[in-house]
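Colleague: Let's go through this model together. I will ask, you reason from the coordinates.

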Amino acid sequence: MRSMLLAILIMAGSTAFASAQTRWHISGTVVEEGSGEPVIMASVVIRELSLWAVTDANGFFSIENVPAGTHKLSIDLLGYEPAERQVTVKGNVEKLSVAL
């Protein structure tokens, strides 16, 4: 009975460890098309995961805890044409640039 309980605990722990390793982040900047100026306060959202970020004064955003796979980023701000990008996450995705 003890060995069975121990085996269950080890499997549960290794599953938690494995899932913790498969979380990544997506970061980058949103700029104005043409001028290249940073777009401030734009929403960057992965709707199917309910994950989001808002760009800062430099147009920078970072979304944490993104699982591996292909995800659709929706980027928008009032006064700009919304944009969508497909992003495949196999590790951290950095320096993604989106123009609105």
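Modeller: A definition to start: two strands pair if DSSP finds at least two bridges between them. Keep in mind that this is a predicted model.

Colleague: Which residue in β7 does Gly28 stand opposite?

Modeller: Begin with the strands. β1 and β7 pair in the parallel sense, over 5 bridges. In that pairing, the residue of β7 opposite Gly28 is Leu96.

Colleague: In which sense do β1 and β4 pair, parallel or antiparallel?

Modeller: Take one position as a marker. Trp24 stands opposite Val66 in β4. The two strands share 6 bridges, and the sense is antiparallel.

Colleague: Is Ser27 buried or exposed?

Modeller: Ser27 lies in strand β1. Beyond its sequence neighbours within four places, Ser27 is in contact with residues including Phe60, Phe61, Val93 and Leu96. Its relative accessible area is 6%. Buried means under 20%, so Ser27 is buried.

Colleague: What is the class of Lys95, buried or exposed?

Modeller: Lys95 sits in strand β7, residues 93-99. Lys95 is among the contacts of Ser27. Its own relative accessible area is 79%. The cut-off for exposed is over 50%, so Lys95 is exposed.

Colleague: What is phi of Lys95 near?

Modeller: Lys95 is a residue other than glycine. Even so, its phi is positive, near 65°.

Colleague: Which residue of strand β4 has a positive phi of about 60° although it is not a glycine?

Modeller: Strand β4 covers residues 60-67. The residue in question has a relative accessible area of 48% and is partly exposed. The residue with that phi is Asn65.

Colleague: Where is Ile40?

Modeller: β1 runs over 23-31 and β2 over 43-46. Ile40 falls in the loop between β1 and β2.

Colleague: How does Ile40 count by accessibility: buried, exposed or partly exposed?

Modeller: Relative accessibility of Ile40 is 44%. Buried would need under 20% and exposed over 50%. The value lies in between, so Ile40 counts as partly exposed.

Colleague: What is the area of the nonpolar surface patch that Ile40 helps make?

Modeller: A patch takes residues with over 30% relative accessible area. Ile40, at 44%, passes that cut-off. The patch is made by Ile40, Met41, Trp52 and Val54. Its area is about 440 Å².

Terms used
Residues numbered from 1 in each chain as written. Predicted model: local features only at pLDDT ≥ 70, side-chain atom pairs only at ≥ 80, totals over all residues. Heavy atoms only, no water. Patch = residues over 30% accessible without salt bridge, like charges linked within 9 Å, V, L, I, M, F, W, Y side chains within 5 Å. Areas by Shrake-Rupley, 256 points an atom, 1.4 Å probe, with all protein chains shown as cover. Salt bridge = Lys/Arg side-chain N within 4 Å of Asp/Glu carboxyl O. Helix = DSSP H or I, 4+ residues; strand = E, 2+ residues; numbered from the N terminus. Buried < 20%, exposed > 50% of the residue type's maximum accessible area, 1.4 Å probe, protein only. Contact = heavy atoms within 4.5 Å.
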